[in-house]
Amino acid sequence: MTIGTPTDQPSRLAFGGLIDRRLPLRFRFDDLELTGYAGDTLASALIANDVKLVGRSFKYHRPRGILTAGSEEPNALVELRAGPRREPNTRATTIELYDGLAADSQNRWPSLRHDLLAVNQLAAPFLGAGFYYKTFMWPAAFWEKVYEPAIRRAAGLGRAATAADPDPYEKAFAFCDVLVIGGGPAGLAAALAAGRAGARVILCDEDFLAGGRLNAERRGVGDKPAYAWAAEAVAELAAMPDVTLMPRTTVYGVYDGGTYAAIERVGDHLPVPAPHTPRQRNWKIVAKRTVLAAGAIERPIVFGGNDRPGVMLAGAVRTYLNRFAAAPGRRAVVFANNDEAAATTADLAAAGVVVAAVVDTRRDVPAATREAAKAAGALLVAEGRIVEAKGGRRGVRSALIRNRDGRDMHLACDLIAVSGGWSPTIQLTSHLGAKPMWDEARAAQLPGALPPGMAVAGAAAGDFGLGSCLAEGHAAGADAAEALGHDRSSGAAPVADDEPAGLAPYWHVKDSAGKAFVDFQNDVSVSDVALAVRDGFRIAEHLKRYTTLGMATDQGKTGNTAGMAVLAEATARPVAEVGMTTFRPPYVPVAIGAFAGHHRGKAFRPTRLAPSHAWAAERGAVFVETGNWLRAQWYPEAGETDWLESVTREVKGTRERVGVCDVSTLGKIDVQGPDAGTFLDRVYANTFSTLPVGKARYGLMLREDGFVLDDGTTARLGEEHYFMTTTTANAVKVMQHLEYCHQVIWPDLDVQMVSVTEQWAQYAIAGPKARAVVAALLDPSQDVSNEAFPYLAAGPVTVCGGVAGRLYRLSFSGELAYEIGVPARYGDALIRAIMTAGAPHGIVPYGTEALGVMRIEKGHPAGNELNGQTTAHDLGFGKLLSKKKDFIGRFMAARPALTDPGRTTLVGVKPVEPGARLRGGAHFVPRDATVSSENDQGYLTSVAFSPELGHWIGLGFLANGPERYGEVIRAADPLRSADVMVEVCAPCFIDPEGARLRV
Amino acid sequence: MSETLTARPALAGIALPGRHGTGNGAPGVTLRERTDLGVVAVMARKGQGEALRMAVASAYRATLPDTARYLAGQTVGFVGTGPGQWLAVSASLGGGALAVDLTAKLAGLASVSDQGDGRAVIRIAGPRARDVLAKGLPIDLHPSVFAPGSAATSIISLMGVTLWQVDETPAYDLVVFRSLAVSFWSWLTDSAAEYGYEVVPATN
Amino acid sequence: MRIRCPYCGERGLEEFTYRGDATVTRPETLDQTAEAAWVDYVYLRDNPAGPHREHWYHGAGCHAWLVVTRDVRTHEILGVELAGGPA
Ligand SMILES: [Zn+2]
């Protein structure tokens with residue numbers, strides 16, 4: 001007996017294992033303070049401490065233990081860490097132990113051992129497949145208020161943290177010749193062969209210790225123990241400059257073009273990530289070739305009580321014994337349909353675990369198994385089965401075994417090591433849509449058509465023997481390197497024997513006593529599958545949705561194959577005919593934070609800062625995001641309590657004296673070349689080739705379908721040089737459109753264009769005193785009088801002592817106004833200079849709100865009106881459409897329906913009651929009509945309080961609009977219970993003749 | 001009014017010189033804003049590619065690259081940014097002078113548009129520069145495929161970037177839009193912190 | 001998906017913007033009899049199960065519009081050329 005030597009870990013073997021006994025680690029599980037070793041997982045440390053009950057199941061709250069030793073674990077889900085770092089549904093089998101680790105069981109109340117919610121078990125007959133569909137049909141309202149909360153309290157998988165995750169996550173990109181997925185025998189051999197040949201290799205392994213089953217089996221490679229060979233292979237790979245080893249990294253998705261997604265757990269094995277490092281890094285890996293060496297996942301045989309703690313997959317038993325030196329039991333029964341029985345029996349016996357019986361479902365039990373049983377002193381039950389695992393919440397206490405003659409025997413045991421064979425880990429081969437193929441000989445799904453560039457080696461290809469894994473891996477790595485032009489290396493393939501498989505398919509014990517589970521995590525039993533079949537769900541995809549088989553966080557990695565086999569049996573068909581559910585990314589659960597990476601909080605998306613930003617921030621401006629830009633919305637002053645108060649002051653200050661606004665965010669495009677004018681004529685609805693140098697003109701741009709795309713002013717700075725502006729929101733879209741028009745439609749035009757949005761800081765200076773302020777900024781001898789620089793003039797100037805700038809006489813506010821541009825590096829200095837120059841005139845900075853108020857007062861359409869559904873006619877710009885030339889959208893804009901006077905067209909509205917407030921989004925209906933869709937005649941797009949008029953005003957689209965000036969209609973907003981009588985008027989409320997512009 | 005306007009670097013008050021991030025020994029990378037560079041878009045007129053090539057060769061003793069490469073000339077280097085498009089870069093002709101010079105020398109052969117104020121240029125240098133850039137740049141920088149003189153226009157953390165490798169340190173020049181410089185700096189320093197970084201004062 | 005831009009080399013999908021069918025040609029006439037041709041150009045699209053010529057924009061790279069021949073069943077890319085032809 002080697003268990004229970006002087007240690008506080010009663011089931012830790014006295015020697016062996018790939019753990020570091022010099023590094024004990026303390027940890028807590030629920031109320032248990034325990035110790036493990038470096039190299040342990042939480043699962044192996046719990047096993048070493050004799051903790052068998054780890055969680056309660058999702059639906060029935062049945063006691064559950066540890067089934068596997070890998071990421072396929074369906075049962076041993078815990079909440080790891082606490083507070084904002086609490087992570088639910090973490091698999092104890094993949095959690096690397098660290099000092100101070102704290103984990104809690106989930107799905108239990110008040111405690112794991114006394115879970116009152118386990119009464120669900122008593123209701124089990126009612127909670128079967130399709131329960132939700134059948135029970136909670138009516139009334140619908142009950143779902144939200146009664147059923148759902150009750151179900152959620154009782155079921156669910158752990159609790160998410162309620163505070164924001166404090167740890168950073170990252171994204172990263174990597175490129176390689178050969179990506180090797182999996183660090184077991186096939187993967188290591190592949191990486192060695194490719195690396196030795198000189199290829200750039202990335203090896204991703206889910207585990208923190210590469211080697212896969214080499215670390216879990218008492219096998220040899222060449223003349224070395226398998227684990228030692230693995231360590232040497234890793235050392236050799238680590239020394240190669242173009243090989244990147246990525247431990248703790250799971251490749252979870254395959255995408256087109258050799259693109260793979262992988263999640264690297266950078267800091268999950270630490271209490272908190274090291275300073276300046278992320279918790280996890282989400283990789284996008286582009287590989288020319290890929291070797292999938294992801295191994296295989298053992299599957300259980302389904303029998304009564306097979307979910308009790310103490311029922312464990314045989315391969316996992318060997319992993320715990322050999323790699324972690326932890327004994328999952330003291331007295332075991334081995335139950336298998338294949339030759340895993342022999343190795344498992346031998347390893348248990350070697351570790352000092354009593355093997356009470358070897359129950360082998362095969363008629364002819366091979367010699368190796370018979371000899372192993374004999375050597376272990378175990379009773380061999382050939383062609384036998386376990387009918388029921390009996391026990392309590394602490395786990396298995398005995399096995400009810402039935403022999404081929406139907407005679408039962410009860411054997412005391414605390415461990416049942418079960419093997420139903422292995423299923424290749426082929427999920428990644430299907431992510432591009434290929435269907436796996438059922439292989440009758442191996443009783444397993446094998447890869448179907450492979451993603452381009454991918455080869456599959458070893459157990460993932462269904463070749464489970466160690467010798468085959470090494471040889472296939474080596475060949476696949478060498479082939480991949482050779483295909484990329486590297487010489488095959490002279491290094492020899494590692495050699496080992498193939499162990500026999502001897503599988504005789506046996507899926508479930510038909511005469512089981514008690515509940516027999518197919519999917520542990522979603523509590524789907526054999527009887528649920530049978531019920532689904534009775535209810536008419538006979539193929540895999542339907543079964544999945546009816547029973548939730550395979551839909552839990554483990555995606556049915558251990559249970560799916562048995563589930564399909566049980567379905568096949570129940571419908572008396574071969575497994576191949578019931579089909580398989582579809583595999584999609586991600587292969588393992590991936591935290592949302594890892595997908596966000598750097599992009600969270602203020603970095604959710606990049607922010608563009610205008611040239612005046614620092615100055616505006618110093619002034620306490622309130623900013624608003626428009627597109628990616630952060631723009632000053634208004635500039636509150638001391639004593640102002642309400643945004644409307646600030647905005648009204650800014651509008652008044654501008655209209656009465658002078659105001660300044662940063663308009664740098666407008667898109668700006670340099671259009672140059674001999675054909676620049678011709679090109680603009682074709683992309684604008686109106687004409688630009690005739691625009692004189694030194695002048696600007698409003699331009700309207702349509703889409704080819706005749707609707708309005710964008711508008712702006714464009715100035716002609718030289719014979720072959722135009723300076724176009726676009727709206728802030730559409731700058732990128734317009735650039736793309738112009739490049740399409742040039743490159744695709746009119747490649748013969750000699751025109752060049754480039755965005756200069758960022759190059760120019762541009763400020764609008766507007767108001768009766770604008771000229772005085774501009775004159776003060778310009779270097780002497782530059783005449784800005786109305787005669788020398790009239791409305792719509794444009795040209796170069798020098799500003800504040802020689803800075804080469806540009807001046808435009810443009811007005812969005814309707815006042816005398818200029819836009820002054822300087823290279824962006826001077827933008828900060830210029831806004832300060834404008835404020836200084838404007839101080840004697842009472843200048844006021846204004847933000848986007850005041851800008852909006854003034855443009856509504858002037859009836860200028862903006863984003864709310866250029867909404868992709870409006871035509872030039874709708875906006876009152878019908879006369880801008882040139883009849884003399886082709887231009888984008890011309891033909892389609894002339895369609896009768898787009899110029900129908902009955903269309904909704906731009907109008908102004910003002911409330912009949914002067915104090916009434918208007919709300920954007922309200923719909924227009926005739927004065928005496930009821931508010932209904934039938935009576936809908938248009939809608940209100942933009943509203944503002946006009947300081948000059950002293951009441952609210954609005955712009956909107958109204959059927960037959962221009963004919964209805966003076967008519968009173970209703971602006972109804974049922975969502976906000978608003979219903980205002982408004983008078984229809986022309987959209988321009990202030991200075992309709994434009995006299996102020998031209999002074 | 002004739003008070004002179006003072007230029008403000010894109011990262012003024014943001015890129016604070018000093019040692020940051022992990023450790024306090026040799027930093028994984030150094031970061032520096034390159035200010036007062038001339039950066040100008042040069043776009044070939046139709047059918048003038050060959051004449052433009054010769055004009056550039058004689059005026060600047062520089063070769064216009066046909067692909068995404070950076071080729072240094074005597075005072076002006078050219079980096080290919082697209083078919084018939086380049087960014088001319090000069091440390092000696094800053095502040096608009098380069099655009100003026102190019103406009104005069106390439107008249108009729110190319111359209112020229114100053115970008116010197118529209119872009120911020122950051123140099124990243126040091127043994128971990130590739131690792132830092134890999135956290136956002138979807139381009140392979142392995143020395144076998146991206147060497148001194150190699151250039152690319154791509155996207156980092158949702159922000160457009162043009163970059164070229166300067167030397168084998170390795171050092172790279174990163175050109176980003178000025179309005180995005182602060183967001184870009186946030187990504188860059190977050191990404192560099194793991195390896196330790198040093199910000200050195202801005203120069204050209 | 002990865003697209004090999006003739007100018008920039010092979011790049012990931014995140015750098016490109018899809019537009020659509022590259023086989024349509026803008027009618028040259030504004031004559032009212034051309035209405036069917038315009039409707040065809042603006043609205044009507046074939047949806048072949050197999051290789052298709054599509055316009056993609058390399059907006060995060062060289063700003064070139066590309067004609068990408070792609071098998072829409074497999075995402076296999078059979079060819080990429082500059083829409084505007086060689087510069
Ligand atoms: Zn490109």
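These legends go with close-up views of a predicted model, starting at a cavity and ending at a chain interface.

**View 1. The largest cavity and the residues around its centre.** Rolling a probe the size of a water molecule over the atoms shows where empty space is left. Here the count comes to eight cavities of 30 Å³ or more, and the largest of them has a volume of about 150 Å³. It's lined by 15 residues, and the ones closest to the centre are Ser423(A), Pro424(A), Gln427(A), Thr561(A) and Phe583(A).

**View 2. What the wall of the largest cavity is built from.** In chain A, strand 25 (422-424), strand 27 (444-446) and helix 12 (560-570) each chip in at least two lining residues. Seen by domain, at least three lining residues come from domain 2 (169-296 + 424-483) of chain A, and at least three from domain 3 (515-582) of that chain. As for chemistry, the lining of the largest cavity is a mix: eight polar residues, six nonpolar and one charged.

**View 3. Chain C against chain A.** The size of an interface is often given as the accessible area lost when the parts come together. For chain C and chain A that comes to about 2300 Å², with 59% of it on carbon and sulfur atoms. Three residues, Arg26(C), Leu30(C) and Trp65(C), supply 28% of the area that chain C buries against chain A, more than any other three. In terms of contacts, 26 residues of chain C meet 26 residues of chain A.

**View 4. A salt bridge at Arg26(C).** Three salt bridges turn up across the interface of chain C and chain A. Arg26(C) pairs up with Asp886(A) in a salt bridge, with the closest N and O atoms 2.7 Å apart.

Key: Residues numbered from 1 in each chain as written. Chains lettered and ligands numbered in written order. Predicted model: local features only at pLDDT ≥ 70, side-chain atom pairs only at ≥ 80, totals over all residues. Heavy atoms only, no water. 1 Å grid on protein atoms, 1.4 Å probe; cavity = no way out; pocket = protein on both sides within 12 Å on 5 of 7 lines; lining within 4 Å. Points joined across faces, edges and corners; volume = space filled by probe spheres on them. Helix = DSSP H or I, 4+ residues; strand = E, 2+ residues; numbered from the N terminus. Nonpolar A, V, L, I, M, F, W, Y, C, P; charged D, E, K, R; others polar. Domains from an automatic or database assignment. Contact = heavy atoms within 4.5 Å. Buried area = accessible area lost by both parts, 1.4 Å probe. Salt bridge = Lys/Arg side-chain N within 4 Å of Asp/Glu carboxyl O.
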